[in-house]
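Take a moment with the chain before reading on. The text starts with the whole and then moves to single residues.

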Amino acid sequence: MEESPSVKSKDLNVAEEFEKSGMKRMANFVVIGHVDHGKSTLMGRLLFDLNVIDQRSIDKLRKEAETIGKSSFALAWVMDQTSEERNRGVTVDIATNHFETEKTRFTILDAPGHKDFIPNMIAGASQADFAVLVIDASINSFESGLRGQTKEHALLVRSLGVQRLIVAVNKMDTISWSQSRFEEISQAMSTFLTTANFSSKGITFVPCAGLTGENVVRKVQTSDASWYTGPSLIEALDASEPGKRHIEKPLRLTISDVFKGGVIAPISISGRIEAGSVQVGDAILAMPANETATVKMIEVENKPVDWAIAGQIPTLHLTDIDPIHLRSGDIVCTPKDPVKLINTFTCKILAFEHVLPSSVDVFRGRLHTEGKISALLARLDKATGEIVKKKPRVVKPGEVSRVTVVLEKELPLEVGTRVVLREGGNTVAAGLLEG
Ligand SMILES: Nc1nc2c(ncn2[C@@H]2O[C@H](COP(=O)(O)OP(=O)(O)OP(=O)(O)O)[C@@H](O)[C@H]2O)c(=O)[nH]1
């Protein structure tokens, strides 16, 4: 009789297997920016020019787009795949797509720009090694984006641990590839981003036009752009070092999708492994439900594999669990070293708004609960983390402080987890759990 996969792959040393496999390095990036600045079009163009999608599919999309009078949306539709998104013309959830260069296997997490969808963006950003911030260079658009989501998104991804940013200064075709406009935008963004704790080494500005494809994969040809000698978007992406993989740590996976009633197993989940690894046959623990399950099969990018490691976004087909215990946003961990459920913690926050002891919604990725900031413990020096003032009365936007948060419902949280605090639909602060 053939050995079952669970016996075959049990007790592999996944870190060693990974070394041996010679697998390409992996990088996940999130695409952020103000609504309509061209995120989906830019990513659609990237996939199209890298031959990830063929001309026939694009023609089909264009035809469909024309029937509803939105032909310029065809490229964006490559990313915004669901019909709900098409009808509304905005991205409503995280779309993932893959492509590769000689060096790297990339996963694009396309986050929506619409204001109401910030929780989804938080979920995307918490899975990202770096971010592509798309800015519409055309007259007035950059400025209105700055008042809109451009700054908030940049602050959010930074507070979720993203250190590297590629700023795609997009729609350059609408301003005849104006060097002075590109420089004006780069200058204004640099000033803002360095005060938001990005190091200037971690930021690259790339002028491009997603709609025409100039300087995305193809170098820009027009003589208007002869002043530009820097990288194309794909070159800038390839030059980005992915974050460190925590393969040796205990398993932590955040569920982004749950699929019920599959052929392989009654329930399947997918999500990014933040730390550790998982192999076929493993027992896992789902939190906050605190229920165990068995991994029957693992797929990465639709191919069955024996194991998956930190940085990958696998689908796990599970048995021995009631599907009601698994929801998007939940955490999967190893029962040997589980993440604990807690209802009080201290965290270091970066304030986006004035922060006072008050009620807040606390997000860990998509998982969230109501709670309150019960105490402002100290204001901290941004660079050194040292205490500047004990028990401040209020924390101002841009300041870093240590606060105590009390939750109404327990959440699976541990030291080093990123949380976002929101109030009445606005992000007031983002922070790092300290204890
Ligand atoms: N001229 C020009 N138009 C562009 C370019 N890129 C995008 N557009 C247009 O800008 C509009 C918005 O583009 P999208 O890609 O849907 O923008 P988005 O940022 O993904 O929007 P959301 O998904 O709603 O957040 C569409 O009409 C695009 O055709 C560009 O490089 N040049």
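What follows is a short walk from the overall fold to a few chosen places.

This is a predicted model. The chain has 435 residues, and 48% of them count as buried. Its secondary structure comes to eleven helices and 22 strands. Many contacts link distant parts of the sequence: among contacts with a separation of 6 or more, 72% join residues 24 or more positions apart.

Now look inside. The largest nonpolar core holds 82 residues. Within this core, six residues touch the most other members: Phe29, Ala131, Leu133, Val157, Ala168 and Val169. Where does this core lie with respect to domain 1 and domain 3? Domain 1 spans 25–238 and domain 3 spans 341–433. Both give residues to the core, so it lies between them.

Phe29 deserves a closer look. Set aside its neighbours within four places in sequence. Phe29 is then in contact with Phe106, Ile108 and Leu109. Its other contacts are Ala128, Asp129, Phe130, Ala131 and Val132. One of these, Ala131, is itself among the core residues that touch the most other members.

There is also a second, separate core. This one has 31 residues, including Leu251, Ile273, Met297 and Ile321.

Next comes helix α3, residues 39–49. The helix is mostly covered, with ten of its eleven residues buried. The buried stretch includes Lys39 and Arg45 as well as Leu42, Met43 and Phe48. Just after α3, Asn51 takes a positive phi of about 60°.

Move on to Ser240. This residue is found in a loop, between α11 (233–238) and β7 (252–260). Is Ser240 buried or exposed? It counts as buried, because it has 20 C-beta neighbours inside 10 Å and the cut-off for buried is 20 or more. Beyond residues up to four places away in sequence, Ser240 touches Ala27, Phe130, Arg164 and Ile166. Phe130 is also a contact of Phe29. Ile387 is another matter: Ser240 and Ile387 are 34 Å apart, C-alpha to C-alpha, and 147 residues apart in sequence.

Last, find Ile267 in strand β8, residues 267–275. Ile267 counts as buried because it has 22 C-beta neighbours inside 10 Å. Which residues does Ile267 touch, not counting those up to four places away in sequence? They are Val258, Lys260, Leu318, Ile321, Pro323 and Leu326. Of these, Ile321 belongs to the second core. Thr150 is 117 residues from Ile267 along the chain, and their C-alpha atoms are separated by 38 Å.

Conventions: Residues are numbered from 1 along each chain as its sequence is written. This is a predicted model: local features need pLDDT of at least 70, side-chain atom pairs count only at pLDDT 80 or more; totals for chains, interfaces and linings use all residues. A nonpolar core is a set of buried Ala, Val, Leu, Ile, Met, Phe, Trp, Tyr and Cys residues joined through C-beta atoms within 7 Å. A residue is buried if 20 or more other C-beta atoms lie within 10 Å of its own, exposed if 12 or fewer, and partly exposed in between; C-beta atoms are placed from the backbone. Domain bounds come from an automatic or database domain assignment. Two residues are in contact if their C-beta atoms, placed from the backbone, lie within 7 Å. Helices (H or I, at least four residues) and strands (E, at least two) are DSSP runs, numbered from the N terminus.
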